[in-house]
Amino acid sequence: MEPKFIPYKRDYIGSDELLSSSKEHYLLMNARRSVREFSTKEIPLEVLENLIKIASTAPSGANKQPWTFCLVTNKEIKSLIRQEAEKEEYESYNGRMPAEWLEDLKYLGTDWRKAFLEDAPALIIVFRKPYDLINGVKKNNYYVSESIGLACGFLLQAIHQIGLVSLTHTPSPMNFLTKVLERPENEKPFLLIPVGYPADDALVPDIKRKELKEVIVHYK
Ligand code: IYR
(Lines give C-alpha, C1' and ligand atoms only; values in the text may rest on other atoms or scores of the structure.)
Protein backbone atom coordinates (compact mmCIF):
# COMPACT_ATOMS: atom_id res chain seq x y z
CA MET A 1 0.00 0.00 0.00
CA GLU A 2 1.23 3.53 -0.87
CA PRO A 3 1.81 5.87 2.10
CA LYS A 4 -1.00 8.34 2.66
CA PHE A 5 -0.65 11.27 5.07
CA ILE A 6 -3.17 13.55 6.72
CA PRO A 7 -2.47 16.68 8.80
CA TYR A 8 -2.03 16.22 12.56
CA LYS A 9 -2.22 19.02 15.12
CA ARG A 10 -2.37 19.32 18.90
CA ASP A 11 -3.26 22.40 20.88
CA TYR A 12 -0.05 24.09 22.04
CA ILE A 13 0.39 23.76 25.82
CA GLY A 14 2.97 26.04 27.48
CA SER A 15 5.49 25.02 30.17
CA ASP A 16 3.43 26.20 33.14
CA GLU A 17 0.44 24.15 32.17
CA LEU A 18 2.64 21.16 31.28
CA LEU A 19 4.16 21.36 34.74
CA SER A 20 0.87 21.53 36.58
CA SER A 21 -0.90 18.91 34.49
CA SER A 22 2.03 16.47 34.63
CA LYS A 23 2.17 16.83 38.44
CA GLU A 24 -1.55 16.36 38.75
CA HIS A 25 -1.45 13.33 36.47
CA TYR A 26 1.40 11.79 38.44
CA LEU A 27 -0.56 12.20 41.69
CA LEU A 28 -3.59 10.61 40.09
CA MET A 29 -1.65 7.63 38.71
CA ASN A 30 0.38 7.18 41.88
CA ALA A 31 -2.95 6.56 43.63
CA ARG A 32 -3.63 3.55 41.38
CA ARG A 33 -3.41 0.23 43.16
CA SER A 34 -4.01 -3.37 42.20
CA VAL A 35 -7.19 -4.29 44.03
CA ARG A 36 -8.21 -7.85 44.94
CA GLU A 37 -11.45 -7.11 46.78
CA PHE A 38 -14.26 -5.94 44.51
CA SER A 39 -17.78 -4.69 45.06
CA THR A 40 -20.36 -6.63 43.03
CA LYS A 41 -21.92 -3.33 41.86
CA GLU A 42 -22.54 -3.41 38.11
CA ILE A 43 -20.81 -1.11 35.61
CA PRO A 44 -22.80 0.18 32.61
CA LEU A 45 -21.92 -1.73 29.45
CA GLU A 46 -21.09 1.44 27.52
CA VAL A 47 -18.46 2.36 30.13
CA LEU A 48 -16.77 -1.03 29.68
CA GLU A 49 -16.94 -0.70 25.91
CA ASN A 50 -15.41 2.78 26.09
CA LEU A 51 -12.55 1.41 28.22
CA ILE A 52 -11.87 -1.24 25.59
CA LYS A 53 -12.02 1.39 22.84
CA ILE A 54 -9.38 3.36 24.79
CA ALA A 55 -7.15 0.28 25.13
CA SER A 56 -7.50 -0.35 21.42
CA THR A 57 -6.03 3.10 20.62
CA ALA A 58 -2.59 1.86 21.77
CA PRO A 59 0.24 1.84 19.23
CA SER A 60 1.08 -1.55 17.76
CA GLY A 61 3.60 -3.11 15.39
CA ALA A 62 2.67 -2.07 11.82
CA ASN A 63 -0.64 -0.89 13.34
CA LYS A 64 -1.86 -4.49 13.26
CA GLN A 65 -3.69 -4.09 16.62
CA PRO A 66 -2.97 -7.73 17.47
CA TRP A 67 -5.48 -8.06 20.31
CA THR A 68 -8.93 -9.27 21.28
CA PHE A 69 -10.60 -8.09 24.49
CA CYS A 70 -13.12 -10.63 25.80
CA LEU A 71 -15.58 -8.85 28.06
CA VAL A 72 -17.21 -11.27 30.49
CA THR A 73 -20.15 -10.06 32.58
CA ASN A 74 -22.03 -13.38 32.46
CA LYS A 75 -22.21 -14.88 35.99
CA GLU A 76 -21.95 -18.53 34.90
CA ILE A 77 -18.88 -17.82 32.76
CA LYS A 78 -17.26 -15.85 35.59
CA SER A 79 -17.89 -18.80 37.96
CA LEU A 80 -16.41 -21.23 35.48
CA ILE A 81 -13.34 -19.01 35.06
CA ARG A 82 -12.96 -18.81 38.84
CA GLN A 83 -13.25 -22.57 39.18
CA GLU A 84 -10.65 -23.24 36.48
CA ALA A 85 -8.29 -20.48 37.67
CA GLU A 86 -8.42 -21.70 41.28
CA LYS A 87 -7.64 -25.26 40.15
CA GLU A 88 -4.44 -24.03 38.44
CA GLU A 89 -3.55 -21.55 41.16
CA TYR A 90 -3.95 -24.22 43.85
CA GLU A 91 -1.35 -26.34 42.04
CA SER A 92 0.89 -23.31 41.55
CA TYR A 93 0.84 -22.26 45.19
CA ASN A 94 1.20 -25.88 46.37
CA GLY A 95 4.27 -27.12 44.52
CA ARG A 96 4.64 -25.49 41.10
CA MET A 97 5.99 -22.12 42.25
CA PRO A 98 9.58 -22.25 43.49
CA ALA A 99 10.29 -21.22 47.11
CA GLU A 100 11.93 -17.94 46.05
CA TRP A 101 8.81 -16.89 44.14
CA LEU A 102 6.51 -17.74 47.05
CA GLU A 103 8.81 -15.78 49.36
CA ASP A 104 8.71 -12.76 46.99
CA LEU A 105 4.89 -12.85 47.00
CA LYS A 106 4.47 -13.37 50.74
CA TYR A 107 4.07 -9.70 51.63
CA LEU A 108 1.25 -9.34 49.08
CA GLY A 109 -0.79 -11.92 50.97
CA THR A 110 -2.03 -13.64 47.80
CA ASP A 111 -3.09 -17.27 47.70
CA TRP A 112 -4.92 -19.67 45.35
CA ARG A 113 -8.37 -18.30 46.23
CA LYS A 114 -9.68 -15.86 43.59
CA ALA A 115 -13.08 -14.57 44.78
CA PHE A 116 -12.58 -11.42 42.68
CA LEU A 117 -13.20 -13.50 39.55
CA GLU A 118 -16.85 -13.78 40.60
CA ASP A 119 -17.26 -10.59 42.63
CA ALA A 120 -16.00 -8.15 40.00
CA PRO A 121 -18.89 -7.19 37.70
CA ALA A 122 -16.68 -7.52 34.62
CA LEU A 123 -13.63 -9.48 33.57
CA ILE A 124 -11.65 -8.33 30.56
CA ILE A 125 -9.52 -11.16 29.23
CA VAL A 126 -6.93 -9.87 26.81
CA PHE A 127 -5.79 -12.21 24.04
CA ARG A 128 -2.71 -11.58 21.94
CA LYS A 129 -2.68 -12.53 18.28
CA PRO A 130 0.75 -13.68 17.04
CA TYR A 131 -0.88 -13.82 13.60
CA ASP A 132 -4.19 -12.94 12.02
CA LEU A 133 -6.24 -15.55 10.24
CA ILE A 134 -7.82 -14.01 7.17
CA ASN A 135 -9.99 -16.52 5.30
CA GLY A 136 -7.83 -19.27 6.76
CA VAL A 137 -4.59 -17.57 5.59
CA LYS A 138 -1.96 -16.67 8.24
CA LYS A 139 -0.88 -13.01 8.26
CA ASN A 140 1.99 -12.23 10.57
CA ASN A 141 1.84 -9.64 13.38
CA TYR A 142 4.88 -7.81 14.79
CA TYR A 143 6.07 -6.83 18.28
CA VAL A 144 2.98 -8.53 19.65
CA SER A 145 4.13 -8.58 23.31
CA GLU A 146 5.09 -4.91 23.22
CA SER A 147 1.83 -3.96 21.51
CA ILE A 148 -0.41 -5.88 23.85
CA GLY A 149 1.49 -4.66 26.90
CA LEU A 150 0.88 -1.09 25.76
CA ALA A 151 -2.83 -1.77 25.18
CA CYS A 152 -3.13 -3.24 28.68
CA GLY A 153 -1.30 -0.21 30.10
CA PHE A 154 -3.75 2.11 28.37
CA LEU A 155 -6.61 0.04 29.78
CA LEU A 156 -5.35 0.07 33.39
CA GLN A 157 -4.69 3.79 33.23
CA ALA A 158 -8.16 4.50 31.81
CA ILE A 159 -9.88 2.30 34.41
CA HIS A 160 -8.14 4.22 37.17
CA GLN A 161 -8.68 7.62 35.60
CA ILE A 162 -12.45 7.20 35.38
CA GLY A 163 -12.60 6.09 39.03
CA LEU A 164 -12.74 2.31 38.91
CA VAL A 165 -10.23 -0.31 40.00
CA SER A 166 -8.59 -3.29 38.36
CA LEU A 167 -6.16 -6.13 38.90
CA THR A 168 -3.62 -7.62 36.51
CA HIS A 169 -4.28 -11.28 37.14
CA THR A 170 -2.21 -13.99 35.46
CA PRO A 171 -3.52 -17.42 36.39
CA SER A 172 -0.83 -19.83 35.35
CA PRO A 173 -1.05 -21.69 33.05
CA MET A 174 -3.93 -19.77 31.50
CA ASN A 175 -4.79 -21.86 28.44
CA PHE A 176 -8.10 -22.84 30.09
CA LEU A 177 -9.31 -19.38 29.02
CA THR A 178 -8.96 -20.33 25.34
CA LYS A 179 -11.32 -23.24 25.95
CA VAL A 180 -13.82 -21.52 28.24
CA LEU A 181 -14.11 -18.52 25.90
CA GLU A 182 -13.88 -20.66 22.74
CA ARG A 183 -11.15 -18.53 21.16
CA PRO A 184 -9.63 -19.39 17.78
CA GLU A 185 -6.15 -20.94 17.45
CA ASN A 186 -4.46 -17.60 16.66
CA GLU A 187 -5.45 -16.03 20.00
CA LYS A 188 -3.37 -16.66 23.12
CA PRO A 189 -4.49 -15.53 26.60
CA PHE A 190 -2.27 -12.71 27.88
CA LEU A 191 -3.87 -11.06 30.90
CA LEU A 192 -7.08 -11.29 32.90
CA ILE A 193 -8.28 -7.93 34.21
CA PRO A 194 -11.21 -7.77 36.66
CA VAL A 195 -12.82 -4.30 36.59
CA GLY A 196 -15.22 -2.68 39.03
CA TYR A 197 -15.60 -0.66 42.20
CA PRO A 198 -13.49 -1.63 45.19
CA ALA A 199 -15.30 -3.40 48.06
CA ASP A 200 -16.16 -0.94 50.85
CA ASP A 201 -13.67 -2.64 53.17
CA ALA A 202 -11.02 -3.32 50.50
CA LEU A 203 -7.43 -3.46 51.74
CA VAL A 204 -4.27 -3.26 49.66
CA PRO A 205 -0.75 -4.23 50.69
CA ASP A 206 1.43 -1.41 51.99
CA ILE A 207 3.92 -1.23 49.11
CA LYS A 208 6.40 1.47 48.13
CA ARG A 209 7.23 2.70 44.65
CA LYS A 210 10.84 3.28 43.66
CA GLU A 211 12.09 6.87 43.88
CA LEU A 212 12.70 8.74 40.62
CA LYS A 213 16.47 8.56 41.18
CA GLU A 214 16.28 4.76 41.28
CA VAL A 215 14.56 4.51 37.90
CA ILE A 216 15.91 7.43 35.87
CA VAL A 217 19.28 7.91 34.20
CA HIS A 218 19.51 11.38 32.70
CA TYR A 219 22.08 11.98 29.92
CA LYS A 220 22.52 15.78 29.86
N1 IYR B 1 -0.56 -15.77 39.50
C2 IYR B 1 -0.61 -15.90 40.93
C3 IYR B 1 0.67 -15.55 41.60
C4 IYR B 1 1.14 -14.15 41.52
C5 IYR B 1 2.31 -13.88 40.83
C6 IYR B 1 2.83 -12.62 40.81
I7 IYR B 1 4.60 -12.27 39.90
C8 IYR B 1 2.15 -11.57 41.48
O9 IYR B 1 2.68 -10.28 41.46
C10 IYR B 1 1.00 -11.84 42.19
C11 IYR B 1 0.49 -13.13 42.19
C12 IYR B 1 -1.79 -15.12 41.52
O13 IYR B 1 -2.47 -14.41 40.78
O14 IYR B 1 -2.04 -15.25 42.71
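**Close-up 1. Q65 sits in the loop between α2 and β1 (67-72).** This is a predicted model, and this view starts with a backbone detail. Phi of Q65 is near 50 degrees, which is a positive value in a residue that isn't glycine. Is Q65 buried, partly exposed or exposed? With a relative accessibility of 34%, Q65 counts as partly exposed, because buried is kept for values under 20% and exposed for values over 50%.

**Close-up 2. Y143, in the loop between β4 (137-140) and α6, also has a positive phi.** For Y143 the angle is near 45 degrees, and again the residue is not a glycine. The relative accessible area of Y143 is 61%, so this tyrosine is classed as exposed.

**Close-up 3. A cis peptide bond links S172 to P173.** Omega for this bond is near -5 degrees. To find P173, go to the loop that runs between β5 (165-166) and α7 (176-180).

**Close-up 4. Helix α1 packs against helix α6.** Two packed helices are described by the angle between their axes and the distance between the axes. Here the helices are α1 (residues 15-30) and α6 (residues 144-161), with an angle of about 95 degrees and axes 10 Å apart. That angle falls in the range of 65 to 115 degrees, so α1 is roughly perpendicular to α6. Which residues make the contact? From α1 come H25, L28 and M29, while α6 supplies Q157, H160 and Q161. Sorted by class, the contact of α1 with α6 has four polar residues, two nonpolar ones and no charged ones.

**Close-up 5. L48 is a buried residue of helix α2 (residues 45-55).** Its relative accessibility is 1%, so L48 is well inside the buried class, whose limit is under 20%. Setting aside neighbours within four places in sequence, L48 is in contact with I43, L71, T73, A122 and V195. You can also pick out I125 here: its C-alpha atom is 12 Å from that of L48, with the two positions 77 residues apart along the chain.

**Close-up 6. K114 is a lysine in the loop between α4 and α5 (116-119).** Buried or exposed? K114 is buried, since its relative accessible area is 4% and the limit is under 20%. Leaving out neighbours within four places in sequence, the contacts of K114 are R82, E86, E89, Y93 and H169.

**Close-up 7. The largest pocket holds about 350 Å³ of space.** Its lining has 18 residues, and the ones nearest the centre are E89, Y93, W101, L105 and T170. Two elements give two or more residues to that lining, α3 (75-96) and α4 (99-105). Helix α3 gives the most, with four residues. Split by class, the lining of the largest pocket comes out at eight nonpolar, six polar and four charged residues. E89 and Y93 turn up again in this view, having already appeared among the contacts of K114.

**Close-up 8. The second largest pocket has a volume of about 210 Å³.** What lies closest to its centre? Of the 13 lining residues, the closest are R36, E37, L108, G109 and T110. The lining of the second largest pocket has five nonpolar, five charged and three polar residues.

Terms used: Residues are numbered from 1 along each chain as its sequence is written. This is a predicted model: local features need pLDDT of at least 70, side-chain atom pairs count only at pLDDT 80 or more; totals for chains, interfaces and linings use all residues. Side-chain values use heavy atoms; hydrogens and water are left out. On a 1 Å grid over the protein atoms alone, a cavity is a set of points where a 1.4 Å probe fits but cannot get out, and a pocket is an open set with protein on both sides within 12 Å along at least five of seven lines; lining residues have an atom within 4 Å of a point. Grid points are joined across faces, edges and corners, and a volume is the space filled by probe spheres set on the points. Ala, Val, Leu, Ile, Met, Phe, Trp, Tyr, Cys and Pro count as nonpolar, Asp, Glu, Lys and Arg as charged, and the others, Gly among them, as polar. Axes are lines fitted to C-alpha atoms, for helices over the stretch in contact, and angles run from 0 to 180 degrees between N-to-C directions. Angles under 35 degrees count as roughly parallel, over 145 as roughly antiparallel, 65 to 115 as roughly perpendicular and the rest as oblique. Contact means heavy atoms within 4.5 Å. Buried means under 20% relative accessible area, exposed over 50%, partly exposed in between (1.4 Å probe, protein chains only).
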